[in-house]
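Take a look at this model before reading on. The report below walks through its hollows, its core and a few single residues.

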Amino acid sequence: LRHPAGGSPSFCCRAMEVTDSRPQQPAAAVSFLDAVGQSIVNSASSIDAHIDAGSLIERIAADTTPNARQSQRALSELKGLARKVPGAVVTAQGAVPTILRAVERLASAADEDIDCTEGLQDALETLGSLVGANDDQGDAETARRGAEVAELIIRHGDNGKQLLRLLSIRDISTKYDTIALLQRIYQRFPEPIIAALLADPHALGDIMHMVQECQIDYVRNESIRLLLLLTESNADIQKIVTFQGLVDAIFKILDDEDLSTGGTVARDLLHCFINLVRNTMCQRHIRETGGITLLVRAFEAAVRGRRRKDSEGSDEEDSDEADEDLRPDIPEEMRWSCLALLTDAALALVGGVQAADDQGEAQPEVRANRDALIRAGALGLCKHLIDPRLELPAKLKIVELLEGLEPSELTARVLMSYENNETPLLFVLVAVLLGRTTLLSLQSALGRVLCCALKRHALLQSFFCSSFRPELEPPAHDVLPAGSQVVAAFEAATRSRAEPEQVWFALHLVLAMIHNSPSIQSMCTTMPIAIPEDAGPGESFLELLFRVFSAIGRACLGPLMDEGSGSGDADNAPASESPTALATPLLAMLKLLTYWLACCPAALTQFASSPVMVPQTMDLIVLGVADDAPFLKAHIAGISALLMGACLQAASGSSEADVAAMNGHALMTLIAQRVGIEAFQRRVDRLWRSAALQKPPRGFADFCWYDAEFRTFFRNQQQAVQRRMVELYVAEGVGSGGAALSEDVADHYKQLIRVQDSDLREVRRENEQLRGEVEAFMQRSLQASSFALVEKMTAMQMENEALHTEVKQLLNEAGERQKRADHERKQLRLVVTELEQQLQSMALGYEQVERTSEVLAQENAQLRALTATSVSNSGVVPARNEETLSRELASAQRHVSELQIERAELLELLGHLAAARPEAAASMTAPLGAATAA
């Protein structure tokens, strides 16, 4: 009998008696003695566990009965032991192969309807405990033991095929344990499992059947986890399960899940779907079989969640109580995790947000997927952005989806559509963007996407421009046309009632509307935006912008002038600290006017002829005098300088050359007198070198002061302005000797040359320094790579030598095998020759036996005839003659029987020889044919 703890009773009692009877000692000594005693007890338990495991393995191996009752009882005990001390079971002699053989026997018995499912489950659970979970990364010994057991299972289990055959058993619990074990083995050795699955056409079908048809949740969920692992990287399995209907099964299960809670099952299903959509062939199948429609429906479910009317079947759908959100109180990152995964799947279908710039083979598939998503109603999700119950993470995911669909022409049509008398989606998005309660991160993301869409689609630019017209009737809903919303924001800005970020994004929408569109730029200079109340002409859109510029400039000029200098360099000032500052709209207005005036002469004419615009711009240039000016002050001064430079550069494009020259000279003189040419250039150059312009934030929801397109425009405009100023300076110097320009201009260019010369020298020094660093780096890299190459070369040489040695050994073994084969072939030929001779002798003997048998038969017939004749003639035969004839007859019959037996044995031997050597059958049987013919 054994103690329940695993040790012998007498030893444990003695250990406890020793522990209890020892005298009181200090704490350190007591702790040490306790540790020693516990170590002894643990060692004894470990030894007993090894003994128990060995005996159980022997019992399992010795059981060969059909029902395997003894093995099942032993496996039940072994399962408990493997859970407690798996190391003891693993180290038992032949433990894993024995368990696998028991699994094979039990599986065969289960196929014959023998009740052995409990033992089969115990065996599988034992193997699962020995392999262990893959999260045992902290314990190196446990991970190593699990890898060794998994390798043994693969090696002795026909490379995983034995486990896959268990999936066809009818018992659900056995399938569950098999799938759990397959997952643990796959996480350590995926290649053999993949190869076994691809070799067995029924294995994947069994797994798919459990996912599609099994009504037991835990079994189905375990099958989903296995498919998640299998579809992660193997393209063949992705195609197989897709064509077997996995996509429909995924969304059928998702219909029963609340996607707004971020459950584990839903997340596993969506991860599996993402694995499938990364395969181009799977994408095509999903698109052609309606999978994208199911994806959009899942989007709707993830956004809406389960409402009271969905869960209770309430008929009061219009009431507030019916729309109450009954989602449980769960963390935000979990609540919207399914929506994030759905968005990742949709972006994988459309190739990501950068797919519009690609020109690869996947481009047609990307366009088809994008159009299919739009036709399925994916853009309709954007209407939920106006729902206040939807949290910010969910709204950002919807905007991210809009960014992926934005390059399609269908997107522009849907944004402009008045289908079903509904408000165009563009108006709703603009309302969200310019809303007072919209968070800045959502405004930044949505504004970036809307501006990109306006810049990309000329049709959308024209539609947006048409929404500014005052005769456009407002819709029946609360959402105004996009242009009316922008005008309302501008009107509020003139009265200082608008939020700074609201005006910022409204101005950037206008900037996107006129981007690369000369017709819209020209039309907006005279386009009325309000119906006049008197007989005069209506106010044009450009006049409204001038009025907004004047109001914002007056409101900001005083605070900016009173603002003290910053403590650091403006280039290093954090641009994200002041997006809601009062002067933020002023910077956006200067960006808009700079681009518009540089591209549209009609707008430039109105700006230059205004008695307010040029003086106010010059006042803004004067703001950033100090080199350490705060962020907004420095950027406003730089953009204002670029705006005046655009006026200076565009003045040469006037129809009258003299007027153009005069205007250019006048502006040049004004700049020299009010600011100074050097200070003017320094403001523009400081803005060009600022981090906000050169390194804008890359986050999707980050507020961005400048984008890459404006940076390119800024650089081109800066260079054009510099060339124009040089031209004016040279023309003035040649024509009138420099009377019209102050000496500050000449001093400025001298100073500019000196600065450029010093910059060139600094650049040269930096170049030389960088060149030295590169050479040093290359030398270190070469040395490092040389050491690595030497090590690789040494390893390859050793491997080459080992391969040569192995080749020599294989050649020697092949030669020895060939010699043995030749020797055996010669011996076989000798044996065949002897057998042929023996067979010929047997054939001759057989012929003799046949002849003797015939002679004896004739004699027997004669004797019978003679006997019959004698009896009939005399009637009485002497007793002596009858006895003699009887003996002779019996002797002849025995001889005939012996000959027949010998004939049968010879024929049997001949059959064995012919079966063993069929190629020699003809030559061996030739004597028989000759004897028969004779």
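Helix α25 gives the largest share of the lining of the largest pocket, with eight residues. The model behind this statement is a predicted one. Four elements give two or more residues to that lining: α25 (440-456), α28 (500-513), α31 (584-599) and α38 (708-736). The lining of the largest pocket has 40 residues in total. Nearest the centre of the pocket lie R448, C452, K455, D707 and A708. The volume of the largest pocket is about 1,200 Å³. What classes of residue make up its lining? There are 21 nonpolar residues, six polar ones and 13 charged ones.

Next come the cavities. The whole structure holds two cavities of 30 Å³ or more. The second largest cavity has a volume of about 30 Å³. Its lining consists of Y846, V849, L899, E902, R903 and L906. Two helices, α39 (743-874) and α40 (879-916), each supply at least two of these residues. The largest share, four residues, comes from α40. By class, the lining of this cavity has four nonpolar residues, no polar ones and two charged ones.

Now for the core. In soluble globular proteins, nonpolar side chains tend to be buried together. The largest nonpolar core of this model has 227 residues. Which of them touch the most other members? They are I153, L230, F464, F468, F490, F541 and F607. F490 offers a closer view. Leaving aside neighbours within four places in sequence, F490 is in contact with A506, L507, V510, F541, L544, L545 and V548. One of these contacts, F541, is itself on the list of members that touch the most others.

Three single residues round out the picture. The table gives the place and the relative accessible area of each.

| Residue | Place | Relative accessible area |
|---|---|---|
| M210 | helix α11 (residues 201-213) | 2% |
| N279 | loop between α15 (264-277) and α16 (280-288) | 8% |
| E222 | helix α12 (residues 217-230) | 12% |

Is M210 buried or exposed? M210 counts as buried because its relative accessible area is 2%, and the cut-off for buried is under 20%. Apart from neighbours within four places in sequence, M210 is in contact with L167, K175, I179, V219, R220 and S223. How far apart are the C-alpha atoms of M210 and Y176? They are separated by 9.6 Å. Along the chain, the two residues are 34 residues apart.

E222 is a charged residue, yet it is buried, at 12% relative accessibility. Beyond its neighbours within four places in sequence, E222 is in contact with Y176, I179, A180 and Q183. I179 is also among the contacts of M210.

N279 sits in a loop, between α15 and α16. Even so, N279 is buried, with a relative accessible area of 8%. Which residues does N279 touch, not counting those up to four places away in sequence? They are A235, Q238 and K239. With Q238, the side chain of N279 forms a polar contact of 3.2 Å.

Key. Residues numbered from 1 in each chain as written. Predicted model: local features only at pLDDT ≥ 70, side-chain atom pairs only at ≥ 80, totals over all residues. Heavy atoms only, no water. Buried < 20%, exposed > 50% of the residue type's maximum accessible area, 1.4 Å probe, protein only. Polar contact = N/O pair within 3.5 Å; in protein donor to acceptor, adjacent residues only side chain to side chain. Contact = heavy atoms within 4.5 Å. 1 Å grid on protein atoms, 1.4 Å probe; cavity = no way out; pocket = protein on both sides within 12 Å on 5 of 7 lines; lining within 4 Å. Points joined across faces, edges and corners; volume = space filled by probe spheres on them. Core = buried A, V, L, I, M, F, W, Y, C linked by side-chain atoms within 4.5 Å.
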